[in-house]
Amino acid sequence: MDEVKLSGMSPADAKDYIVNFIATLKLTEKNIQNLDEEIVKWQSRTELAVSKGQAELAQDAQKEKNRLLEKKLTLTAEADQLKQQIEEMRRQLPLLASRECSIDPDLLEQELLMASGRMPGDEDKVRLERQFAQMEKTQAAETALEELKAKIRQ
């Protein structure tokens with residue numbers, strides 16, 4: 001069986017690809033159905049030629065029937081292979097969808113930095129600003145507390 005890998009495709013592209021396989025399968029099944037009708041026709045012609053004593057004609061009709069049977073066998077094998085490939089591709093779809101929805105945290109961090117006006121690589125600057133902002137906040141709280149204590153003492 002030829003294995004079909006969908007990696008590298010978007011889920012929408014993969015679905016379109018699978019639909020094409022399904023369309024091919026349906027056409028193959030339709031061809032098999034037409035062959036079945038032809039086989040029945042050539043079988044009845046073979047029987048008719050035998051009943052009329054036309055051995056050579058019966059033999060030609062049997063050859064045609066056998067040719068159609070071989071073609072049907074080939075198409076049936078192709079249809080089975082297509083069904084297996086379609087099933088395998090359908091099993092791969094959830095994996096494609098899960099890959100598409102995943103978030104790269106490093107990329108997200110870089111995008112957030114750029115959105116805030118910084119450039120990638122400024123992470124140390126951001127860390128320092130956070131530390132100083134925390135220290136300034138703590139200092140402001142301590143100053144306010146000292147002022148409150150001084151007022152209470154007076």
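This is a tour of a predicted model, going from the overall fold to the core, the salt bridges and the surface patches.

**The whole chain**

Start with the protein chain in cartoon view. The chain has four helices and zero strands, and read along the sequence it follows the pattern α-α-α-α. Colour helix 1 as residues 11-51, helix 2 as 55-101 and helix 3 as 105-115, and helix 4 as 123-153. Of the 154 residues in the chain, 19% are buried.

**The nonpolar core**

Next, select Leu 6, Ile 18, Phe 21, Ile 86 and Met 89, and show their side chains. These residues belong to the largest nonpolar core, which has 19 residues, and they touch the most other members. Helix 1 and helix 2 each supply at least two residues of this core. The largest share, nine residues, comes from helix 2. In soluble globular proteins, nonpolar side chains tend to be buried together.

**Two backbone pairs**

Switch to C-alpha atoms and select Ser 10 and Leu 93. Along the chain they are 83 residues apart, and their C-alpha atoms are separated by 9.3 Å. Ser 10 sits in the segment before helix 1. Its relative accessibility is 25%, so Ser 10 counts as partly exposed.

Then pick Gln 33 and Lys 72. Here the separation along the chain is 39 residues, and the C-alpha atoms are 9.0 Å apart. Gln 33 is found in helix 1 and is partly exposed because its relative accessible area is 42%. Keep Lys 72 selected for the next stop.

**Salt bridges between helix 1 and helix 2**

Side chains of opposite charge can pair when their charged atoms come close. The count for this model comes to seven salt bridges; three of the pairs are visited below.

Which residue does Lys 72 pair with in a salt bridge? Add Asp 36 to the selection: the closest N and O atoms of Lys 72 and Asp 36 are 2.6 Å apart. This pair links distant parts of the chain, with Lys 72 in helix 2 and Asp 36 in helix 1, 36 residues apart. Lys 72 has a relative accessible area of 25% and is therefore partly exposed. Asp 36, at 30%, is also partly exposed.

Now move to Lys 83 and Glu 29. They form a salt bridge in which the closest N and O atoms are 3.8 Å apart. The two residues again join distant parts of the chain: Lys 83 belongs to helix 2 and Glu 29 to helix 1, with their positions 54 residues apart in the numbering. Lys 83 has 41% relative accessibility, so this residue counts as partly exposed. Glu 29, at 28%, is likewise partly exposed.

Add Lys 26 to the view. Lys 26, Glu 29 and Lys 83 are linked in a network of salt bridges.

**A salt bridge within helix 2**

Select Arg 67 and Glu 64. Their side chains meet in a salt bridge, at 2.6 Å from N to O. Why are Arg 67 and Glu 64 separated by about one helical turn? Because they are three residues apart in helix 2. Arg 67 is partly exposed, with a relative accessible area of 43%. Glu 64 is partly exposed as well, with a relative accessible area of 22%.

**The negative patch**

Turn on the surface and select Asp 104, Asp 106, Glu 109 and Glu 111. Together they form a negative surface patch. Where is Asp 104 placed in relation to helix 2 and helix 3? Asp 104 lies in the loop between helix 2 and helix 3. At 42% relative accessibility, Asp 104 counts as partly exposed. The cut-off for joining a patch is over 30% relative accessible area, so the value of 42% for Asp 104 satisfies that condition.

**The nonpolar patch**

For the last stop, select Leu 128, Phe 132 and Met 135 with the surface still on. They make a nonpolar surface patch of about 310 Å². Leu 128 has its place in helix 4. With a relative accessible area of 40%, Leu 128 is partly exposed.

Notes: Residues are numbered from 1 along each chain as its sequence is written. This is a predicted model: local features need pLDDT of at least 70, side-chain atom pairs count only at pLDDT 80 or more; totals for chains, interfaces and linings use all residues. Side-chain values use heavy atoms; hydrogens and water are left out. Patches are made of residues with over 30% relative accessible area and no salt bridge: like charges are joined within 9 Å, nonpolar side chains (Val, Leu, Ile, Met, Phe, Trp, Tyr) within 5 Å. Accessible areas come from the Shrake-Rupley method with a 1.4 Å probe; for residues, only the protein chains shown count as cover. A salt bridge is a side-chain nitrogen of Lys or Arg within 4 Å of a carboxyl oxygen of Asp or Glu. Lys and Arg count as positive and Asp and Glu as negative; His and the chain ends are not counted. The place of a charge is taken as NZ of Lys, CZ of Arg, CG of Asp or CD of Glu. Buried means under 20% relative accessible area, exposed over 50%, partly exposed in between (1.4 Å probe, protein chains only). A nonpolar core is a set of buried Ala, Val, Leu, Ile, Met, Phe, Trp, Tyr and Cys residues joined through side-chain atoms within 4.5 Å.
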